[in-house]
Amino acid sequence: MTKNLLSRARAKLEREVLEIEHRTDLTDQQKVDKIIVIFSVGCGAIAVQPIPFADIFILTPLQAYMGQRLAAIRGLKLSEQQATDLIKQLMGVVGMGLVAQQLGIAAAKILFPIFGGVATVPVVFGLTYAIGNVMDKYIVAKVAGRTMTPDEIKKAWKDAKKSGEAEGKRRQEEIRRNADQG
């Protein structure tokens with residue numbers, strides 16, 4: 001029974017994440033949206049854990065891998081290091097607000113170990129959602145031979161972060177269930 005469960009889980013992981021770019025039943029935009037939500041839910045679930053500052057060491061590699069998956073969908077080869085560099089470049093444009101947000105998440109977990117983790121779910125979901133959406137826009141522009149301007153990146157970030165936090169609040173219960181299962 002366990003072997004069957006693991007086999008089904010592996011097949012789902014391959015279909016939904018590892019090989020999503022090869023699916024023909026979804027448009028590229030549907031694939032991108034699916035990847036962004038999957039990684040946002042995962043990062044939100046990790047944020048529930050009451051470990052201050054560990055998030056950045058776990059979330060950033062996951063977000064970089066999300067960037068690799070987005071690039072694969074859009075037909076661009078991107079290594080993990082290139083995806084990490086892309087996150088750094090985009091965040092450099094977005095500015096210190098992101099650093100302040102990470103410090104706020106850590107402080108909440110220190111001051112309120114249980115509640116702090118739960119309260120960060122929509123924030124981390126929204127952050128990952130915004131990173132994914134901005135990375136996708138950047139990748140689409142790059143594939144088209146264009147570079148996004150800092151103003152375009154800031155606007156994309158602002159729009160994606162707002163909708164990501166709203167989506168994170170809406171999915172809060174789903175994220176908590178995933179945290180409990182992991």
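## Rings, charges and helices

Let's start with the aromatic side chains: this structure has two aromatic pairs. In one of them, the ring centres of Phe39 and Tyr65 lie 6.0 Å apart and the planes make an angle of 50°, so this pair is tilted. Phe39 sits in helix H2 and Tyr65 in helix H3, so the two rings link parts that are 26 residues apart in sequence. Keep in mind as you look around that the model is predicted.

How do the two partners compare with the cut-offs for burial? Buried means under 20% relative accessible area, and partly exposed runs from there up to 50%. Phe39 has a relative accessibility of 9%, so Phe39 is buried. Tyr65 comes out at 27%, so Tyr65 is partly exposed.

Now for the other pair. Phe125 and Tyr129 have ring centres 5.9 Å apart, with planes at 20°, so these rings are stacked. Here both partners belong to helix H7: they are four residues apart, which puts about one helical turn between them. Phe125 and Tyr129 are both buried. If you wonder why each pair came with two numbers, a pair of aromatic rings is described by the distance of the centres and the angle of the planes.

Let's go back to helix H2, the home of Phe39. H2 covers residues 28-47, which makes 20 residues. Counting 1.5 Å a residue, you would expect a span of 28 Å, and the C-alpha atoms at the ends are indeed 28 Å apart, so the two values agree. Plenty of H2 is tucked away: its buried residues include Val32, Ile35, Ile36, Val37, Val41 and Cys43. Another buried residue on that list is Lys31.

Lys31 deserves a stop of its own. This lysine lies in helix H2, and its relative accessible area is 3%, so Lys31 counts as buried. What does Lys31 touch, apart from its neighbours within four places in sequence? The contacts are Ile20, Glu21, Arg23, Leu26 and Ile73.

One of those contacts, Arg23, takes us on to the salt bridges. There are eight of them in the structure, and we'll visit a few. Arg23 pairs with Asp25, and the closest N and O atoms are 2.6 Å apart. That is a salt bridge because a side-chain nitrogen of Arg lies within 4 Å of a carboxyl oxygen of Asp. Arg23 is buried, at 11% relative accessibility, while Asp25, at 42%, is partly exposed.

A second salt bridge joins the side chains of Arg74 and Asp136, with 2.8 Å from N to O. Arg74 belongs to helix H3 (residues 54-74) and Asp136 to helix H7 (residues 121-143), so this bridge ties together parts that are 62 residues apart in sequence. Asp136 has a relative accessible area of 7%, so Asp136 is buried.

Our last salt bridge stays inside a single helix. Arg170 and Glu167 have their closest N and O atoms 2.7 Å apart. Both are in helix H8 (residues 150-170), three residues from each other, so about one helical turn separates them. Are these two partners buried or exposed? Arg170 is exposed, at 59% relative accessibility, whereas Glu167 is buried, with a relative accessible area of 18%.

Notes
Residues numbered from 1 in each chain as written. Predicted model: local features only at pLDDT ≥ 70, side-chain atom pairs only at ≥ 80, totals over all residues. Heavy atoms only, no water. Buried < 20%, exposed > 50% of the residue type's maximum accessible area, 1.4 Å probe, protein only. Helix = DSSP H or I, 4+ residues; strand = E, 2+ residues; numbered from the N terminus. Expected span 1.5 Å × (residues − 1). Contact = heavy atoms within 4.5 Å. Phe/Tyr/Trp six-rings, centres within 6.5 Å; stacked < 30°, edge-to-face > 60°.
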